[in-house]
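Here are some worked exercises to try with the model open beside you. Take each task on your own before reading its solution.

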Amino acid sequence: MGRGAQSLARVAVIVRAGAAPLWWPGLLAAAIGALVPGLTGRRIGLLSGAALFLITAAVVALVRSRRYAELAGGATRAGRSDFLQDRAVTVRNWRRAHRWWLLGAFLVAVASAFLLPGAGGMVLAGAGAGLWIKAVRIGRREERDDALYWVRTDWVERGRPAGKRVGGYRTTGPMAGDAAPGGARRRR
């Protein structure tokens, strides 16, 4: 990299990278949990799981939203020497860094079925849904501002694009990168 050059990753892509690895294993864990009668019974477990799904999705979608808005409001234009990280690389890096946490969360969700059938899986799926909602909200802001938000990869600690180390976002035009607003794959 040249002098002052930095590697940048899309904020919405980082947020969205965790949605699918939480959603699908969560649904699988909930389905497995529905087969186990559990301590409380299937009906109570699944009803409490549905409530926990909604609560988890809302909490995950809203947590740190003020910080995201603050960083987006103070975003500066990306320099010509900055390198924009590919969507596939960003997703692969996030998932590789969190693979053991994801496996552990899945195993805990399946094991929790012996207490509350399906509830642990629904919490996991709710976290995935909350991340997807947050990515969609970031995408709407990107469309409204007609800019894509990027963050330096060396500032993203443990996959947190709004963490303490993040000093600000960079922006590019809406055609930069290979992901649509909100972090989804760009349709060709």
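**Exercise 1. Find where glutamate 70 and arginine 67 lie in this predicted model, and what joins them.**

Step 1: Start with the secondary structure. Glutamate 70 and arginine 67 both belong to helix α4.

Step 2: Look at their spacing. The two are three residues apart, about one turn of the helix.

Step 3: Check the side chains. Glutamate 70 and arginine 67 form a salt bridge, and their closest N and O atoms are 3.4 Å apart. A pair like this counts when a side-chain nitrogen of Lys or Arg is within 4 Å of a carboxyl oxygen of Asp or Glu. The general idea is friendly enough: side chains of opposite charge can pair when their charged atoms come close.

**Exercise 2. Count the salt bridges, then work out which parts of the chain arginine 10 and glutamate 142 link.**

Step 1: With the 4 Å cut-off, the count comes to six salt bridges.

Step 2: One of them pairs arginine 10 with glutamate 142, with 2.9 Å between the closest N and O atoms.

Step 3: Place the partners. Arginine 10 sits in strand β1 (residues 7-10) and glutamate 142 in helix α6, so distant parts of the chain, 132 residues apart, are linked by this pair.

Step 4: Ask about burial. Arginine 10 is buried, and glutamate 142 is buried as well.

**Exercise 3. Describe the salt-bridge network of Arg141, Arg144 and Asp145, and decide whether arginine 144 and aspartate 145 are buried or exposed.**

Step 1: Arg141, Arg144 and Asp145 are linked in a network of salt bridges.

Step 2: Within the network, the side chains of arginine 144 and aspartate 145 meet at 3.4 Å, N to O.

Step 3: Turn to accessibility. Arginine 144 counts as exposed because its relative accessibility is 58%, and the cut-off for exposed is over 50%.

Step 4: Aspartate 145 has a relative accessible area of 32%, so this residue is partly exposed.

**Exercise 4. Characterise the packing of helix α5 against helix α6.**

Step 1: Two packed helices are described by the angle between their axes and the distance between the axes.

Step 2: For helix α5 (residues 87-111) and helix α6 (residues 119-145), the axes come within 6 Å and cross at roughly 145°.

Step 3: Name the residues that make the contact. Helix α5 supplies Ala105, Phe106 and Ala109, while helix α6 supplies Gly120, Gly121 and Leu124.

Step 4: Sort these residues by class. Four are nonpolar, two are polar and none is charged. Gly is placed among the polar residues in this scheme.

**Exercise 5. Which residues form the nonpolar patch on the surface, and which helix gives the most to it?**

Step 1: The patch is made of Leu52, Ile55, Val59, Val63 and Val123, which together have about 380 Å² of accessible area.

Step 2: Helix α3 (residues 42-62) gives the most, with three residues.

Step 3: Follow up on one member. Valine 123 lies in helix α6, and this residue counts as partly exposed because its relative accessibility is 30%.

**Exercise 6. Where do arginine 64 and aspartate 146 lie, and what is the sign of phi in each?**

Step 1: Arginine 64 is in the loop between α3 and α4 (65-73). Its phi is near 60°, a positive value in a residue other than glycine.

Step 2: Arginine 64 is partly exposed because its relative accessibility is 42%.

Step 3: Aspartate 146 is in the loop between α6 and β4 (148-152). Its phi is also positive, near 55°, and this residue too is other than glycine.

**Exercise 7. Map the surroundings of alanine 162.**

Step 1: Alanine 162 lies in the loop between β4 and β5 (170-172).

Step 2: At 3% relative accessibility, alanine 162 counts as buried, since the cut-off is under 20%.

Step 3: List the contacts, leaving aside neighbours within four places in sequence. Alanine 162 touches Arg64, Arg67, Tyr68, Leu71 and Tyr169.

Step 4: Compare sequence with space. Alanine 162 and arginine 141 are 21 residues apart in sequence, and their C-alpha atoms are 15 Å apart.

**Exercise 8. Summarise the fold of the protein chain.**

Step 1: The protein chain has six helices and five strands, and from the N terminus on the order is β-α-α-α-α-β-β-α-α-β-β.

Step 2: Of its 188 residues, 45% count as buried.

Definitions and conventions: Residues numbered from 1 in each chain as written. Predicted model: local features only at pLDDT ≥ 70, side-chain atom pairs only at ≥ 80, totals over all residues. Heavy atoms only, no water. Axes fitted to C-alpha atoms, helices over the stretch in contact; angles between N-to-C directions. Helix = DSSP H or I, 4+ residues; strand = E, 2+ residues; numbered from the N terminus. Contact = heavy atoms within 4.5 Å. Patch = residues over 30% accessible without salt bridge, like charges linked within 9 Å, V, L, I, M, F, W, Y side chains within 5 Å. Areas by Shrake-Rupley, 256 points an atom, 1.4 Å probe, with all protein chains shown as cover. Buried < 20%, exposed > 50% of the residue type's maximum accessible area, 1.4 Å probe, protein only.
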